[in-house]
Amino acid sequence: NERRRDEMLAIVGDGGATAYDVASGIVWTTGTYETFSLWMRRAAVSETLAHLEYAVQEGRLDRSMRDGVVRFELASGE
């Protein structure tokens with residue numbers, strides 16, 4: 001959904017972010033990331049990662065690895 005994608009891109013912003021950073025910053029309809037059970041947090045990060053990877057495929061984000069951590073950044077031109 002475009003609203004969710006735009007929200008995620010805004011969280012990534014100019015500084016880049018991990019899937020965790022984005023998942024914990026999303027406004028979820030079922031509550032806040034902090035109130036989720038461990039399993040719901042895992043699901044939230046997994047869903048977020050799928051959206052972020054899709055945005056990479058669309059050319060909206062770039063993915064990089066720094067110190068063993070995958071980070072996403074806005075693609076040049078975004």
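Here is a short briefing on a hairpin, a buried arginine and a helix in this structure. The model is predicted, so please read each point below as a computed feature of that model. The arginine in question, R71, sits in strand β2, and β2 pairs with β1 in an antiparallel arrangement.

**The hairpin**
- Strand β1 covers residues 61-66 and strand β2 covers residues 69-74, with six bridges joining them.
- One of the pairings puts M65 opposite V70, its bridge partner in β2.
- Two residues lie between the strands, and D67 in this hairpin has a positive phi near 50 degrees.

**R71, an arginine in β2**
- R71 is buried but makes no salt bridge.
- The nearest side chain of opposite charge belongs to D21, at 4.0 Å.
- A polar atom of the R71 side chain lies 3.5 Å from the backbone oxygen of G15.
- Beyond its neighbours within four places in sequence, R71 touches G15, G16, A17, T18 and D21.
- The contacts of R71 also include D62, R63, S64 and R66.

**Helix α1 and what covers it**
- Helix α1 spans residues 2-12, and its buried residues are R4, R5, E7, M8, L9 and V12.
- In an α-helix, residues three or four places apart point the same way, because there are 3.6 residues a turn.
- The cover over the buried residues of α1 includes helices α2 (19-25) and α3 (38-57).
- Both hairpin strands, β1 and β2, are also among the elements covering those α1 residues.
- After α1 comes G13, which has a positive phi near 50 degrees.

Note on methods
Residues numbered from 1 in each chain as written. Predicted model: local features only at pLDDT ≥ 70, side-chain atom pairs only at ≥ 80, totals over all residues. Heavy atoms only, no water. Pairing = 2+ DSSP bridges. Helix = DSSP H or I, 4+ residues; strand = E, 2+ residues; numbered from the N terminus. Buried < 20%, exposed > 50% of the residue type's maximum accessible area, 1.4 Å probe, protein only. Lys, Arg positive; Asp, Glu negative; His and termini not counted. Polar contact = N/O pair within 3.5 Å; in protein donor to acceptor, adjacent residues only side chain to side chain. Contact = heavy atoms within 4.5 Å.
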